[in-house]
Amino acid sequence: MAGRATRRTREVAEAFVRHMHAFAREVRLTEAEFEYGIDFLNRIGQATHDLHNEAILFSDVIGFSTLVCLLNNGNAGATETASALLGPFWRMNSPCVANGGSIVRSPTPGPALFADCRITDPTGRPLAGVEVDVWQASPVGLYENQDPGQCDMNLRGKFTTDADGRFSFRSVKPAGYPVPTDGPSGDLLRAQGRHPFRPAHLHFLGFKEGYKTLVTQVFVDDDERLESDVVFGVTAHLVGNYRPGKGTPPAPDVTGPWYRLDYDFVMEPGAAKLPRPPIK
């Protein structure tokens, strides 16, 4: 590569080759295992399509996505960070919803959830005009693009923070769910004897010029799998307080149990750049 590749390309490529060779020597990789590994990589590509990104899922379940997130936020993992991995289910162009509106677009079981959130800069100054994508799986454990029983863009919406940095919405309380296990990532989890479940959570993506794009998740505090998230995404900072509702519900059609979520986000000054969507 001398004289032909950029400095950063040489740094990354040399380290990659060095560590791959060291890996093969350390485990004394057999030819049969090498062939299986090549086939495994091929099947990751073959399992990826417009509605599913197996490569992101594989990176998630080996903890690599979370590691990259920590290396690039929170002072390289030295402090708590509001950031979390993007996951394989974010879609661009979610429908715009007015503050206080609902992201439930088709019949969806589960207790109603009313979220009231605020975004500030590191000094506590409210940030107006932040575009906030919200998305989640339904309580049956599927995102809408996985489930023909949900309408397009169900449980997805885009909000804009007001002058006080606030945005609010109605949804249903999220539930934990298994990641897809019908591809190579599932084969890996079964071979390792690991469960495939993620604890219940909401996804958020905040975008505003002049600020580093915030990608994060807020986990349900009473979920039994907070300490064994299959993609290693939970930190204490990301556990929200999902409180059972008391008194009169905020909406007249709520007849059963309901919940509130109040949560504050912080966005750091920096370059505003949207990630590449893992699915369409």
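Phenylalanine 167 sits in strand β4, which covers residues 166-172. Helices and strands here are DSSP runs (H or I over at least four residues for a helix, E over at least two for a strand), numbered from the N terminus. This is a predicted model, in which local features need pLDDT of at least 70 and side-chain atom pairs count only at pLDDT 80 or more, while totals for chains, interfaces and linings use all residues. Residues are numbered from 1 along each chain as its sequence is written, and side-chain values use heavy atoms, with hydrogens and water left out.

**A phenylalanine in the core**

Is phenylalanine 167 buried or exposed? Phenylalanine 167 counts as buried, because its relative accessibility is 1%. Buried means under 20% relative accessible area, exposed means over 50%, and partly exposed lies in between (1.4 Å probe, protein chains only).

Which residues does phenylalanine 167 meet, once its neighbours within four places in sequence are set aside? Its contacts are Asn99, Ala115, Asp116, Cys117, Ile119, Val132, Val134, Phe159, Thr161, Phe204 and Phe265. A contact here means heavy atoms within 4.5 Å. Valine 130 is 37 residues away along the chain from phenylalanine 167, and their C-alpha atoms are separated by 9.2 Å.

Phe167 also belongs to the largest nonpolar core, which has 33 residues. Such a core is a set of buried Ala, Val, Leu, Ile, Met, Phe, Trp, Tyr and Cys residues joined through side-chain atoms within 4.5 Å. The residues with the most contacts inside this core are Ile119, Val134, Phe167, Phe169, Phe204, Leu261 and Phe265. At least two core residues come from each of β1 (112-120), β2 (131-135), β4, β7 (201-207), β8 (214-220) and β11 (258-266). In soluble globular proteins, nonpolar side chains tend to be buried together.

**The chain as a whole**

Stepping back, the chain has six helices and eleven strands. Its radius of gyration is 21 Å, close to the 19 Å from the globule rule for 280 residues, so the chain is as compact as a globular protein of that length. That radius is taken over C-alpha atoms, and the rule is 2.2 Å times the number of residues to the power 0.38. The C-alpha trace spans about 65 × 40 × 30 Å along its principal axes.

Of the 280 residues, 42% are buried. Among contacts with a separation of 6 or more, 73% join residues 24 or more positions apart. The chain exposes about 14,900 Å², with carbon and sulfur atoms supplying 56% of that area; the areas come from the Shrake-Rupley method with a 1.4 Å probe.

**Helix α6 and its cover**

Helix α6 spans residues 184-192, and its buried residues include Pro184, Ser185, Gly186, Leu188 and Leu189. What covers the buried residues of α6? Helices α2 (31-46) and α3 (54-61) are part of that cover. Just after α6, glycine 193 takes a positive phi of about 70°.

**Places in loops and a short strand**

Two residues other than glycine also have a positive phi. For arginine 28 the value is near 50°, and for asparagine 93 it is about 65°. The table places them beside two further loop residues.

| Residue | Loop | Relative accessible area |
|---|---|---|
| Arginine 28 | between α1 (7-27) and α2 | 69%, exposed |
| Asparagine 93 | between α5 (74-77) and β1 | 63%, exposed |
| Methionine 153 | between β2 and β3 (156-160) | 8%, buried |
| Glutamate 209 | between β7 and β8 | 58%, exposed |

Methionine 153 touches Arg91, Met92, Asn93, Ser94, Pro95, Ile103, Arg105 and Glu144, not counting residues up to four places away in sequence. Asparagine 93 from the table is thus one of the residues that methionine 153 touches. The C-alpha atoms of methionine 153 and leucine 85, 68 residues apart along the chain, are separated by 21 Å.

How far apart in space are glutamate 209 and alanine 272, which are 63 residues apart in sequence? From C-alpha to C-alpha, glutamate 209 and alanine 272 are 5.2 Å apart.

Finally, phenylalanine 197 is found in strand β6, residues 197-198. Phenylalanine 197 counts as partly exposed, at 25% relative accessibility. Setting aside neighbours within four places in sequence, phenylalanine 197 is in contact with Tyr177, Pro178, Arg225, Ser228, Asp229 and Val230. Phenylalanine 114 is 83 residues from phenylalanine 197 in sequence and 25 Å from it in space, C-alpha to C-alpha.
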